[in-house]
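Reader: I've got this one open and would love a plain tour of how it's put together. Can we do it question by question?

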Number of protein chains: 2
Amino acid sequence: MLLHLKDLLIGPALPTQATAHKELNKIRALAAFSPDALSSIAYANQEIYLGLVVAGTAGLRYAWPIGLTIAGLLIIVAISYYQTIHGYPSGGGSYIVARANLGTLPGLIAAAALLIDYVLNAAVSLTAGVAALASAFPMLWPYRIVLSLALLLLITVINLRGLQETGTVMAVPVYLFLGTYLSMLAYGAVKLWLEGPGPAALAPAPPPVLEPLTLVLLLHAFATGCTAMTGIEAISNGVPAFKPPKSDNAGRTLVIMALLMGALFVGSIGLTQFFGVVAAPDETILSALARRLLGNGAPYLVIQFSTLLVLTVAANTSFADFPRVGAILAGDDFLPRQLRGLGDRLVFTNGIILLALSTAALILVFSGETHSLIPLFAIGAFLAFTLSQSGMVVHWFREKGPGWELKAFFNGAGALATGTTLVIVAISKFASGAWITVLVIPIFVLIFDRVRRHYKQVKQQLSLHGLPPSLRPVSPARAVIPISGVHRGIVNAVLFAQSISPNVTAVYVEIEPGAGARVKDEWNEWWPDVPLVVVPSPYRSLVGPLLEYLDATDAEHNDGQLAVVVLPEFVTTKWWQNLLHNQTAILIKAALLYGRRRAGAERLVVDVPYHLRT
Amino acid sequence: MLLHLKDLLIGPALPTQATAHKELNKIRALAAFSPDALSSIAYANQEIYLGLVVAGTAGLRYAWPIGLTIAGLLIIVAISYYQTIHGYPSGGGSYIVARANLGTLPGLIAAAALLIDYVLNAAVSLTAGVAALASAFPMLWPYRIVLSLALLLLITVINLRGLQETGTVMAVPVYLFLGTYLSMLAYGAVKLWLEGPGPAALAPAPPPVLEPLTLVLLLHAFATGCTAMTGIEAISNGVPAFKPPKSDNAGRTLVIMALLMGALFVGSIGLTQFFGVVAAPDETILSALARRLLGNGAPYLVIQFSTLLVLTVAANTSFADFPRVGAILAGDDFLPRQLRGLGDRLVFTNGIILLALSTAALILVFSGETHSLIPLFAIGAFLAFTLSQSGMVVHWFREKGPGWELKAFFNGAGALATGTTLVIVAISKFASGAWITVLVIPIFVLIFDRVRRHYKQVKQQLSLHGLPPSLRPVSPARAVIPISGVHRGIVNAVLFAQSISPNVTAVYVEIEPGAGARVKDEWNEWWPDVPLVVVPSPYRSLVGPLLEYLDATDAEHNDGQLAVVVLPEFVTTKWWQNLLHNQTAILIKAALLYGRRRAGAERLVVDVPYHLRT
């Protein structure tokens with residue numbers, strides 16, 4: 001039944017040979033790598049607006065200069081990543097670049113930042129997408145958490161199926177978003193040029209001044225607005241997916257993407273500013289801008305819907321990247337190996353599930369509020385940027401090559417700019433949530449370290465080094481059969497025990513006083529040659545007295561061998577029948593295997609099942 | 001750590017010999033068996049009031065005649081149970097009497113009714129007790145669910161410890177309640193005699209008329225008011241606990257208890273009626289009566305507090321009875337045998353936990369509202385009454401003996417009265433919750449039957465009948481060792497397999513293409529004599545290809561024996577390390593033992609652990 005449901009949702013298993021490697025042309029590559037970057041304007045604009053609106057109309061006037069500053073930063077970071085693409089044609093993710101150039105610890109910090117970043121990108125994109133939808137349909141506003149979780153579930157199932165069709169299906173929302181948004185911005189620019197800035201009367205009442213306009217307030221708005229840049233690193237990770245010449249094509253796609261990001265960001269923030277758009281509490285600022293330009297009709301709804309779609313696709317990029325980085329880390333023994341295993345559909349199933357659960361937890365804990373998630377998000381993103389670009393500076397110093405000084409300068413400028421932003425975000429947003437990321441990153445690094453150490457120790461302990469070249473099997477000295485009574489279920493166990501050892505003993509733990517004598521009589525009728533020991537259990541525990549008996553007889557024989565436990569177990573045909581039996585065999589097995597951990601004293605347990613027919 | 005916590009809460013284990021049998025004198029016996037019966041007035045009064053108040057002041061005037069009718073019913077039922085006590089001196093619970101005289105099905109219906117009854121008694125008593133407390137402290141009114149659950153937890157822990165001190169500790173609340181309540185009623189009666197019925201001005205505004213005063217409304221009030229009688233059967237179950245002459249002492253105690261019940265019930269309902277007491281929505285009618293008589297001072301608080309205490313003790317009687325009836329049913333194979341096992345503290349631990357969970361579920365589902373639980377409660381109680389008394393009629397017809405006709409007449413009258421009440425309750429309260437009990441009782445009976453049938457089948461299948469008198473052990477034909485690689489963890493497994501069988505094969509399931517050849521080379525270095533088979537797994541599943549291999553080779557050999565699987569398993573030292581390994585050994589064991597159920601084809605699995613040192 002469960003298997004059927006799984007087949008329906010996820011699809012049947014695929015053979016390993018079906019792994020396909022497609023190369024993407026620039027049109028498809030842009031659609032594959034840009035949604036995260038392009039859709040960032042949705043929440044970045046909103047953050048700048050929310051950061052400034054508390055200082056009233058005077059505050060909102062600073063949106064334009066802040067937007068231009070962020071656009072400048074974007075140019076520096078884009079140049080920096082352009083160089084990473086040419087420096088690491090096989091894919092230069094932050095973890096790889098930082099680990100190769102700065103060392104293991106910075107590499108692990110970058111990895112931790114990246115993993116957190118991917119989870120937050122999924123949570124932020126989904127909640128921002130739902131906010132865009134709920135801006136158009138205000139009755140949905142109270143249900144944003146449920147809607148975000150429903151979208152998350154949908155994406156998770158799609159990714160567990162495996163995205164055979166990534167390029168084509170994903171391209172639709174991206175180009176729809178680009179087409180509609182750029183048209184709207186062009187229309188707005190023409191309107192602005194023809195009509196001039198809109199009269200204040202069209203806008204609702206000017207927002208009240210809640211806080212004085214200070215430098216700190218402007219830095220806050222700048223810090224969170226920088227999330228407009230998140231996703232710009234995606235192409236540098238994916239160079240191998242491009243058609244050759246890979247680095248050139250990837251580089252050109254990056255330039256196009258950065259230009260589009262800049263146009264969308266500067267365009268929307270400029271129009272918001274010059275039309276004096278102000279948003280209601282249950283509406284995003286971009287929705288207010290679209291409504292101001294297009295009214296409430298079909299064009300407005302198309303804009304909001306394409307925003308939701310592109311943000312959903314952006315969340316989806318986390319589902320490609322998180323499991324991949326998780327698998328790379330697991331391959332380096334920093335994370336559990338289960339993250340490396342390809343599932344039935346040739347995707348990293350465990351990584352996808354882990355990401356989905358973490359994202360759901362974030363959405364729930366932060367009540368589906370994009371604004372509350374942003375401080376956590378910015379830290380992770382800018383930490384990864386800074387480490388990756390610092391790594392590139394070291395890379396150029398090591399590699400040299402033609403014009404390396406200029407390249408090092410550009411990457412250095414990128415590292416400096418993103419590092420400064422990182423410090424601003426960390427300080428100005430520390431209390432509003434950045435502390436969580438600051439706290440979690442070292443915890444992740446610690447976990448990476450412990451996991452690696454464990455695998456190393458296991459490897460050493462499992463080494464065959466030092467064993468004598470020829471080992472001779474020794475027959476088991478003694479076999480012990482714990483019995484619950486004399487019945488058909490123990491027959492096979494007795495026969496097997498007799499076949500492997502000349503010294504067989506049965507043990508009956510007597511819980512009800514007097515039951516032992518009865519069992520002994522029955523036993524002697526069937527196996528008079530095999531001794532039965534009755535162990536009293538004054539406290540009615542089964543496992544304790546049995547273990548004590550085993551230890552005592554092992555100590556008595558003192559032949560360097562532990563008795564083999566031959567365990568009769570009867571297996572029911574239906575699951576609910578298990579509720580009607582005491583499951584003592586499972587308890588005994590668990591106690592023998594896991595209860596006492598003494599290296600070198602390995603007690604063998606033989607399971608002798610007896611299957612009930614009904 | 002967990003064991004420490006358990007020791008602190010529950011106490012250390014007690015040896016089986018510590019089981020004690022104390023005999024109770026009448027004073028202690030009254031305290032032990034009466035709390036449920038005496039405290040019933042708390043909710044019965046409340047139900048009559050709530051049933052009548054919707055018809056306004058005119059409706060409330062019927063409280064007195066309804067109360068007297070119920071008191072008459074009480075006399076009939078008490079006489080009926082007096083005879084049960086003498087008819088079944090070894091304890092005549094409804095299940096025993098119904099099963100012995102009416103047959104198995106009526107017995108099981110009575111048992112189902114009883115179990116439901118005990119759960120509902122616990123839920124109703126706790127919520128009513130908390131309502132008494134919250135009437136005195138209105139700020140507690142919104143927290144009634146939490147308070148009920150906290151009290152439930154307390155009682156559960158106390159019962160898991162085992163009540164060594166039952167008689168003495170329980171006697172305090174019971175006699176405190178009797179003393180304070182009877183004094184208050186006497187004071188009220190004197191006050192009524194001196195001052196006459198109170199002026200209407202003292203009462204709050206008369207309640208509005210919401211429904212017309214119909215016969216149906218009166219029957220509703222009567223039906224739920226009958227819950228005043230619940231608990232009267234307790235003494236008939238507990239005759240063996242009395243000092244000899246057991247039946248005489250038990251009978252006399254029953255008479256005293258019935259008189260006290262009648263006095264409390266008729267007294268409180270009469271005073272409420274004649275003083276024209278009306279209760280606010282967040283107060284019980286008994287609290288309103290006590291406030292009317294005693295004011296808001298200390299005497300009032302003592303009354304409310306002793307009501308809470310006696311109701312808590314009443315809930316506690318379920319914790320004595322439910323596990324006992326559960327154990328009796330389990331002893332007759334109608335319920336899982338786990339309910340029969342005495343825990344560390346010589347109590348039926350599983351029954352106590354089951355009761356606590358069911359009660360908590362009821363409190364949560366019904367939002368801690370006594371009023372919503374009452375319809376479910378009344379059905380179970382009156383069904384058990386009716387079956388038990390009908391059983392007694394049959395008993396007298398079979399036994400005859402001196403004056404049996406009169407005895408049969410009294411029990412017949414009891415059966416008729418309670419049966420009629422049962423029909424009234426079932427019809428008038430069907431829609432408000434009685435349907436749940438009506439539905440659940442047959443489900444329980446069905447479960448009893450299925451469980452019994454399963455145990456019977458198991459017993460037949462486990463019978464040694466028909467086995468040849470002498471069985472000769474046969475050496476295992478083949479041993480198969482599934483390996484995950486060539487490392488120290490498999491050495492013991494190979495040695496053991498070689499010691500028990502001349503025909504050993506190792507199997508490696510190849511998930512990553514090409515890994516098999518590497519493993520084969522390593523294997524041949526160490527065990528050139530033992531063949532290693534590499535099984536490809538195109539769908540990357542481990543268990544599937546292994547099972548197919550085993551089935552295929554078993555079919556090939558066709559020697560009537562299945563290969564023994566010798567399974568190397570490495571055991572980590574810390575629980576979290578399990579997260580870092582694939583747990584394939586557990587998966588394989590589960591698949592071999594439980595996955596395929598073919599009777600007669602029992603595959604042995606040998607667990608060969610290798611304990612990691614760190």
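Author: Sure, vocabulary first: two strands pair if DSSP finds at least two bridges between them. Helices (H or I, at least four residues) and strands (E, at least two) are DSSP runs, numbered from the N terminus. Keep in mind that this is a predicted model, where local features need pLDDT of at least 70, side-chain atom pairs count only at pLDDT 80 or more, and totals for chains, interfaces and linings use all residues. Residue numbers start from 1 along each chain as its sequence is written, while chains are lettered from A and ligands numbered from 1 in the order in which they are written.

Reader: What is the strand order in the open sheet of ten strands?

Author: The sheet is open and its pairing is mixed. Strands from chain A and chain B both take part, and the order reads β3(A)-β2(A)-β1(A)-β4(A)-β5(A)-β5(B)-β4(B)-β1(B)-β2(B)-β3(B).

Reader: Which strands stand at the edges?

Author: Look for strands that each have a single partner strand, so one side of each is left without a neighbour in the sheet. Those are β3 (532-536) of chain A and β3 (532-536) of chain B.

Reader: How many degrees, on average, are neighbouring strands of this sheet turned against each other?

Author: Angles here run from 0 to 180 degrees between N-to-C directions, with axes being lines fitted to C-alpha atoms, for helices over the stretch in contact. For the sheet average, though, direction is ignored. Neighbours come out turned by 30°.

Reader: What angle does α20 of chain B make with β2(B)?

Author: Helix α20 (residues 515-526) of chain B packs on the sheet, touching β2 (504-510) and β3 of chain B. Its direction and that of β2(B) make about 150°.

Reader: Which residue is the bridge partner of A:V605?

Author: This is the spot where the two chains pair up: three bridges join β5(A) to β5 (residues 605-611) of chain B, and the two strands run antiparallel. On the β5(B) side, A:V605 is partnered by B:D607.

Reader: And which residue of β5(B) partners B:P568?

Author: Here we stay within chain B, where seven bridges connect β4 (residues 564-571) to β5(B), and the strands run parallel. B:P568 has as its partner B:V608.

Reader: How many nonpolar residues are on the side of chain A that touches chain B?

Author: Contact means that the C-beta atoms of two residues, placed from the backbone, lie within 7 Å, and by that rule 62 residues of chain A meet 62 residues of chain B. On chain A, the elements giving two or more residues are α18 (430-462), α19 (491-500), α22 (584-595) and β5 (605-611). For classes, Ala, Val, Leu, Ile, Met, Phe, Trp, Tyr, Cys and Pro count as nonpolar, Asp, Glu, Lys and Arg as charged, and the others, Gly among them, as polar. Chain A's side has 17 polar, nine charged and, for the nonpolar class, 36.

Reader: How far apart are the C-alpha centres of the two domains of chain A?

Author: The bounds come from an automatic or database domain assignment. It gives domain 1 (23-455) and domain 2 (479-611) for chain A. Their centres are separated by 61 Å.

Reader: On to helix packing. Are α3(A) and α7(A) parallel, perpendicular or oblique to each other?

Author: Under 35 degrees counts as roughly parallel, over 145 as roughly antiparallel, 65 to 115 as roughly perpendicular and the rest as oblique. Helix α3 (residues 35-53) and helix α7 (residues 104-136) of chain A pack at about 55°, with axes 10 Å apart. That makes the pair oblique.

Reader: What handedness does the crossing of α3(B) and α14(B) have?

Author: The axes of α3 (residues 35-53) and α14 (residues 298-331) of chain B come within 8 Å and cross at roughly 130°. A crossing is left-handed if the near helix is turned anticlockwise from the far one by less than a right angle, and right-handed if clockwise. This one is left-handed.

Reader: Which residues of α17(A) meet α10(A)?

Author: Helices α10 (residues 215-225) and α17 (residues 404-428) of chain A pack at about 115°, their axes 9 Å apart. From α10(A) come A:V216, A:L219, A:H220, A:F222 and A:A223. Facing them in α17(A) are A:I424, A:V425 and A:S428.

Reader: Last one: what is omega of the cis peptide bond between B:P244 and B:P245?

Author: B:P245 sits in the loop between α11 (234-237) and α12 (246-274) of chain B. In chain A, A:P244 and A:P245 are also joined by a cis peptide bond, with omega about 0°. For the chain B bond, omega is near -5°.
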